[in-house]
Amino acid sequence: MTKAAGLRTHYCGELRAANIGDVVSVAGWVAKRREHGEHLAFVDLRDHTGVVQCVVHDDTDVRSEFVLRITGTVAQRPDGTVNDKLPTGDVELQDCTVEVLSSAEPPPFPIDSRADDVDELVRLRYRYLDLRRERMQRNLRVRAKVNSAIRRAMEDQGFIEVETPMLMPSTPEGAREFLVPSRQRPGEFYALPQSPQLYKQLLMVGGTDRYFQIARCLRDEDLRADRQYEFMQLDTEASFVTQDDVLAFISEAVMAAAEVVTGERPPEIQQITWHDAMDRFGIDKPDLRFGMELVELTPIFTETGFNAFKAPCIKGIKVQGAAGDYGRNKLDGLTDRAKSLGAKGLVWLKVDEGGESFTSPVAKFLSEREVPEIISAFDAEAGDLLLIVADEWLQTCEVLGTLRNDLGRPPVHEGPYRYVWVVDFPMFVGKDDAGNPRPGHHPFTHPHPEDIDNLETDPMSVRSLAYDLVLNGWELGSGSIRIHEPVLQARIFRLLGISEEEADRRFGFFLTPFRFGAPPHGGFAFGIDRLTAILAGEENIREVIAFPKPQSGIDPMTSAPTAVEPQQLADLGLRVLPPST
């Protein structure tokens with residue numbers, strides 16, 4: 001506990017039986033006032049540490065959220081009045097002198113747990129009041145602990161903190177940027193950083209060796225539970241390292257942050273390849289807290305007479321004991337959901353009593369051999385619901401992976417913390433309109449050394465040295481080993497259909513330094529907002545950010561974004577046009 005000073009000798013929430021007899025001064029907000037007989041009242045005084053009960057004269061004019069300084073003697077509460085729900089419930093302040101430091105209007109919502117039921121826009125409009133609540137106080141302090149633990153972990157591993165620019169050149173190939181007009185160069189713009197990616201790699205060229213930064217990044221993307229315009233990330237880069245080195249650095253930072261919040265250090269973080277993640281869970285950010293893994297069925301139907309199962313890949317998931325919960329309407333809804341995800345259809349099977357047959361519209365199309373093999377592959381029992389998709393491998397996996405999450409995934413903060421590294425991502429994903437492969441990560445990601453010889457002959461088979469960290473189905477962050485050799489970088493650009501001239505125009509300021517001797521290097525970045533939200537037991541990162549934006553992006557407290565004065569636009573050489581349609 002931080003030592004109190006100034007107008008108070010103690011914090012409200014730290015008084016205990018050991019303080020009985022002490023004369024103390026506390027300061028905070030009135031959480032509640034209760035009349036107690038003639039000329040006396042109980043005032044619950046609150047600060048960020050908790051609440052203490054104070055016995056005051058009822059002619060003292062104080063109401064909810066008044067700011068007070070109260071001086072009194074710590075005393076044992078009378079028999080029968082002890083409050084076991086409060087850490088300070090054994091004691092109270094008596095013989096109190098009250099000083100009103102600030103009066104208050106009635107707040108627009110209660111400053112306690114009941115505010116959780118208040119419309120979020122109201123809470124955000126009065127965010128300065130929302131922040132007084134125990135939940136928000138706790139969350140912000142969890143976040144501070146996470147930041148502190150991360151800094152210590154990185155410094156202990158030899159990293160130094162370096163700040164990179166907030167005004168940088170536009171790199172529109174990534175997410176949508178926020179642009180900042182230049183007053184001194186009318187018609188030209190800076191961009192706010194989506195990440196410090198370019199600068200941190202140049203720090204490696206400059207010999208910094210091991211860099212980190214708790215960096216503010218900005219992306220003009222639609223907001224949702226795990227995304228804000230502004231977000232904070234641990235950004236790192238290190239020279240002369242392998243992929244395993246980077247994973248070890250980041251694992252240490254994440255485990256240190258988790259330990260300082262939960263009191264327990266997570267076990268060593270397991271690894272899974274991208275292919276295995278897709279094959280088993282149907283998604284590249286798998287939630288390992290629950291089962292329902294995808295079941296391989298393709299070999300069962302190599303000679304099937306059922307046309308719908310004449311496909312390159314057939315897989316399914318088992319929803320244990322759910323057959324009775326799904327009538328025809330709900331099953332039709334699941335089928336529509338599968339089709340909306342790109343599936344040609346969805347086959348459902350309800351395992352009958354006895355566990356040796358099933359009810360399904362397609363049962364009549366399946367052979368006597370196929371039926372028991374299906375049940376065996378799923379390890380199915382009576383009452384289980386089996387869902388099957390047949391299509392190309394990736395399409396089948398992705399559809400079932402989404403259905404698996406829809407039907408089985410618990411809230412992100414419930415259950416154990418299950419971290420997993422996903423490695424060996426594809427170097428390329430699909431092709432552009434010109435037939436060139438598209439990069440799966442970014443064009444500076446190093447291909448897997450075992451696959452470099454396949455770059456020109458079979459590019460879609462090439463794996464990259466890219467990796468993601470996932471926690472309870474949320475992607476915390478991603479990183480890669482970078483290309484540091486100009487010759488290899490030129491090969492990648494040619495594959496992507498980027499000419500020498502275009503590469504120089506788009507990336508020249510970044511690539512030129514690599515001609516002066518760049519070390520092998522790699523890095524990573526993960527979202528501190530996302531990690532903190534899960535550790536704090538929150539479903540939305542807004543609850544661990546002091547002043548977030550709602551989904552609309554319009555700040556209900558400040559009304560930002562707002563129009564600016566005409567002269568400001570004139571100074572920048574700008575005028576506002578109607579949005580294009």
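In this predicted model, D130 is buried, and so is R127. Their side chains form a salt bridge, with N and O 2.7 Å apart. Both residues belong to helix α2 (residues 127-130), where they are three residues apart, about one turn of the helix. The two are also part of a wider network of salt bridges, in which D116, R123, R127, D130, R133, R135, E538 and E543 are linked.

The count for the model comes to 44 salt bridges. One of them joins the side chains of E65 and R46, at 2.8 Å from N to O. This pair links distant parts of the chain, 19 residues apart: R46 is in strand β2 (residues 40-47), and E65 is in the loop between β3 (50-57) and β4 (67-76). Both E65 and R46 are buried.

Another salt bridge is formed by R463 and E450, whose closest N and O atoms are 2.9 Å apart. R463 and E450 each lie in the loop between β19 (437-439) and β20 (466-471), so the pair ties together parts that are 13 residues apart in sequence. R463 has a relative accessibility of 26% and therefore counts as partly exposed. E450, with a relative accessible area of 61%, is exposed. Side chains of opposite charge can pair when their charged atoms come close.

Strand β19, at one end of that loop, is joined by two bridges to strand β18 (residues 428-431), and the two run antiparallel. F428 stands opposite P439 of β19. The two strands make a hairpin with five residues between them, and G435 in the turn has a positive phi of about 85°.

The sheets come next. Strands of a sheet pair through backbone hydrogen bonds, either parallel or antiparallel. One open sheet is made of eight strands in the order β6-β9-β10-β22-β21-β20-β17-β11, with mixed pairing. At its edges stand β6 (160-161) and β11 (270-273); each has a single partner strand, so one side of each is left without a neighbour in the sheet. The pairing of β6 with strand β9 (residues 210-218) is parallel and runs over two bridges. I160 stands opposite Y211 in β9. Helix α4 (residues 197-205) lies across β9, β10 (230-239) and β22 (521-527), and runs at about 20° to β10.

A further open sheet has five strands in the order β12-β13-β16-β14-β15, and here the pairing is antiparallel. β12 (295-296) and β15 (358-359) stand at the edges with a single partner strand each, so that one side of each has no neighbour in the sheet. Strand β14 (residues 347-351) pairs with β15 in the antiparallel sense over two bridges, and the bridge partner of V351 in β15 is F358. Helix α9 (residues 393-408) lies across β13 (313-319) and β16 (385-391), running at about 10° to β13.

That leaves the interior. In soluble globular proteins, nonpolar side chains tend to be buried together. The largest nonpolar core in this model has 45 residues, of which I250, Y419, W421, F526 and L531 touch the most other members. Helix α5 (residues 243-262) gives the most to this core, with nine residues. A second, separate core of 32 residues includes A277, I317, W348 and V420.

Which residues does F526 contact, leaving aside its neighbours within four places in sequence? F526 is in contact with I150, M232, Q233, L234, I250, V254, L476, G477 and L531. Two of these contacts, I250 and L531, are themselves listed with F526 among the core members that touch the most others.

Helix α5 also holds Q243. Is Q243 buried or exposed? Its relative accessibility is 12%, under the 20% limit, so Q243 counts as buried. Outside the residues up to four places away in sequence, Q243 touches V423, L465, A466, Y467 and I481.

Conventions. Residues are numbered from 1 along each chain as its sequence is written. This is a predicted model: local features need pLDDT of at least 70, side-chain atom pairs count only at pLDDT 80 or more; totals for chains, interfaces and linings use all residues. Side-chain values use heavy atoms; hydrogens and water are left out. A nonpolar core is a set of buried Ala, Val, Leu, Ile, Met, Phe, Trp, Tyr and Cys residues joined through side-chain atoms within 4.5 Å. Buried means under 20% relative accessible area, exposed over 50%, partly exposed in between (1.4 Å probe, protein chains only). Helices (H or I, at least four residues) and strands (E, at least two) are DSSP runs, numbered from the N terminus. Contact means heavy atoms within 4.5 Å. Two strands pair if DSSP finds at least two bridges between them. Axes are lines fitted to C-alpha atoms, for helices over the stretch in contact, and angles run from 0 to 180 degrees between N-to-C directions. A salt bridge is a side-chain nitrogen of Lys or Arg within 4 Å of a carboxyl oxygen of Asp or Glu.
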